[in-house]
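Work through the exercises below with the sequence and the model open. Try each task before reading its solution.

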Amino acid sequence: MSTPSKEAMTAEMRRVFGSDEKRIAHALSVLSFAEKILQREQADSNTVIAAALLHDIGIQEAERKYGSNAGRYQEIEGPPIAKRILESLGAGQQFVSEVCDIIGHHHSPRETETLNFMVLYDSDLIVNLRDDVEPSRLAGMKEKLERMFFTGTGLDVARDTFFGTGGA
Ligand SMILES: [Fe+2]
């Protein structure tokens, strides 16, 4: 199965986001946490890396069309853009459809989820908590965190990131 390189997908992500450095930094942060989680979870790295880089790729289109970056609009607008990018980089059909499926519900987990989805979801969650929640509030969420993450590794990495007490 043909899968585009991380470098090529990163370049396309940067091209779509243009001068929007905040979105670029977000995608790269999600990628770096995904790579950390992938070291211990047996997910498919290529799929997770593509989903990490492209998960919010519909955000500007959502803002243009609906004046909102709400999750459900991103979920509608992201997959066609991701599909175009991945196909232009020669990705196989099965790969494209799995990555686009993840992007298309990345804020709306289903009853049963793939490990690839879970790793992307946990990585995005870590970055969103890190960047959007006051550290003092995070400290009060230690127990709640356990119910927020899909993977044990995601939870460990989150604890390590927020409280410096991961692993074991
Ligand atoms: Fe995100």
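The exercises cover a metal site, aromatic pairs and a charge over a ring.

The model is predicted, so local features need pLDDT of at least 70 and side-chain atom pairs count only at pLDDT 80 or more, while totals for chains, interfaces and linings use all residues. Residues are numbered from 1 along each chain as its sequence is written, and side-chain values use heavy atoms, with hydrogens and water left out.

**Exercise 1.** Find which residues coordinate the iron ion, and classify the arrangement of the donor atoms.

Step 1. Collect the donors (N, O and S atoms within 2.8 Å of the metal, or 3.2 Å for Na, K and Ca; water is not among the atoms, so sites may look incomplete). They are NE2 of His 26, NE2 of His 55, OD of Asp 56 and OD of Asp 124, at 2.1 to 2.5 Å.

Step 2. Read the spacing in sequence: H-x28-H-D-x67-D.

Step 3. Place two of the donors. His 26 is in helix H2 (residues 21-38) and Asp 124 is in helix H7, so this pair ties together parts 98 residues apart in sequence. Helices are DSSP runs of H or I with at least four residues, numbered from the N terminus.

Step 4. Check burial (buried is under 20% relative accessible area, exposed over 50%, partly exposed in between; 1.4 Å probe, protein chains only). His 26 is buried at 13%, and Asp 124 is buried at 3%.

Step 5. Classify. The angles between the four donor atoms run from 84 to 173°, which makes the arrangement irregular. Four donors count as tetrahedral if all angles lie between 85 and 135 degrees; four count as square planar and six as octahedral if opposite donors are over 155 degrees apart and all others between 65 and 115; anything else is irregular.

**Exercise 2.** Classify the ring pair Tyr 66 and Tyr 73 as stacked or edge-to-face, then do likewise for Phe 117 and Phe 150.

Step 1. Apply the cut-offs: rings of Phe, Tyr and Trp (its six-membered ring) pair if their centres lie within 6.5 Å; planes under 30 degrees apart are stacked, over 60 edge-to-face and the rest tilted. The structure holds five such aromatic pairs.

Step 2. Tyr 66 and Tyr 73 are 4.2 Å centre to centre with 15° between the planes, hence stacked. Tyr 66 is partly exposed at 35%; Tyr 73 is buried at 19%.

Step 3. Phe 117 and Phe 150 have centres 6.2 Å apart and planes at 80°, so they are edge-to-face. Phe 117 is buried at 0%, whereas Phe 150 is partly exposed at 35%.

Step 4. Phe 117, Phe 150 and Tyr 121 form one aromatic cluster.

**Exercise 3.** Which ring does the charged end of Lys 142 sit over?

Step 1. The criterion is NZ of Lys or CZ of Arg within 6 Å of the ring centre and within 35 degrees of the ring normal.

Step 2. The ring is that of Phe 163, with the charged end of Lys 142 lying 4.7 Å from its centre.

How values were computed:
Helix = DSSP H or I, 4+ residues; strand = E, 2+ residues; numbered from the N terminus.
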